[in-house]
Amino acid sequence: MCQLLGMNANTPTDVMFSFTGLATRADEHKDGFGIAFFEGKGLRLFVDNASARESPVAELVKRYPIKSDNVIAHIRKATQGRTSLENCHPFVRELWGRYWVFAHNGDLKGFHPRLHAAFRPVGDTDSERAFCWLMQELNKAHASVPSIEELTATLRELMPQLARHGTFNMLLSNGQALWAHCSTRLQYLVREHPFRPAKLQDEDLRVDFASLTTPDDRVAIIATEPLTADEPWTGFAGGELKVFVDGRPLAA
């Protein structure tokens, strides 16, 4: 299946160390990649249906000095849908005057909801159908953008309806927060003062975060599998939904 990477921080932060670790795993997950960076209410989105190991777009992203406080990235191993640009995650939609970004790891069987005109998939993946349905149901539940706590409560009601169709590990963000749901496998860590060096799990690359940060910085990283070999990653429980704000998970 696919692999996910999310970052939520209390200040705009460079995610290239973690993205490099994710891209290293694209030998197996070679059916496309994508990454979305929020900048205020704006969004930068890069996708390609080539492997992140080989894509010139991925090389551009690795060298692009983008800093963001909410990032979602994805490398694809196709289970449903063709290997094509329109099927690459993350997917983006507008709701309540904000961009929403979504990426999914898993396989949903028999999920063909009735969708109205405002939220329709462009590609043919179960993932994009799930995202469109989520946006449709959020729009039904709230007349305008609600608080993060209200959104989280609504998402807790919606997640089981998707997860009953199969594996539903996902990341979702509107630039204000980052939501992560685990069916089978998801990990997170929080980097904060005092910052320490870290080494990638799959590549000989090390960064000393103390030289790149201030004592006030805080960053949460969410990934399918731990990206570093020497940091304290914490696993999600099956069926768990977490929301990250300002670089840390909010209390349930």
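Trainee: What makes the contact between R185 and E225 a salt bridge?

Mentor: Good place to begin! In this predicted model, the side chains of R185 and E225 come to 3.0 Å, N to O. The cut-off for a salt bridge is 4 Å between a side-chain nitrogen of Lys or Arg and a carboxyl oxygen of Asp or Glu, so a pair at this distance qualifies.

Trainee: Why is it said that this pair ties together parts of the chain?

Mentor: Look at where the two residues sit. R185 is in the loop between β8 (178–181) and β9 (187–192), while E225 is in the loop between β12 (218–223) and β13 (234–235), so the bridge links parts that are 40 residues apart in sequence.

Trainee: And why is R185 called partly exposed?

Mentor: R185 has a relative accessibility of 37%. Buried needs a value under 20% and exposed a value over 50%, so R185 falls in between. E225, at 26%, is partly exposed by that reasoning too.

Trainee: How do you know which partner is buried and which is exposed in the bridge of D107 with K109?

Mentor: Use those cut-offs again. D107 has 13% relative accessibility, which is under 20%, so D107 counts as buried. K109 has 55%, which is over 50%, so K109 is exposed. Their closest N and O atoms are 2.8 Å apart, and that is within 4 Å, so the salt bridge holds by the rule.

Trainee: What makes E240 and K242 a salt bridge, and is K242 buried or exposed?

Mentor: Their side chains meet at 3.0 Å, N to O, which is within the 4 Å limit, so the pair counts. K242, at 18% relative accessibility, is under 20% and therefore buried, whereas E240, at 24%, is partly exposed. By this rule the structure has nine salt bridges.

Trainee: How many disulfides are there?

Mentor: Zero. Take C132: the nearest cysteine sulfur belongs to C88 and is 16 Å away. A disulfide needs two cysteine sulfur atoms within 2.5 Å, so C132 is in none. C132 is buried, with a relative accessible area of 0%, and C88 is buried as well, at 3%.

Trainee: Last one: what does the radius of gyration say about the protein?

Mentor: A compact globule of 252 residues would have a radius of gyration near 18 Å; the protein has 17 Å, so the value agrees. Its fold comes to four helices and 15 strands, and buried residues make up 55% of the 252 residues.

Technical notes. Residues numbered from 1 in each chain as written. Predicted model: local features only at pLDDT ≥ 70, side-chain atom pairs only at ≥ 80, totals over all residues. Heavy atoms only, no water. Buried < 20%, exposed > 50% of the residue type's maximum accessible area, 1.4 Å probe, protein only. Helix = DSSP H or I, 4+ residues; strand = E, 2+ residues; numbered from the N terminus. Rg over C-alpha atoms; globule rule 2.2 N^0.38 Å.
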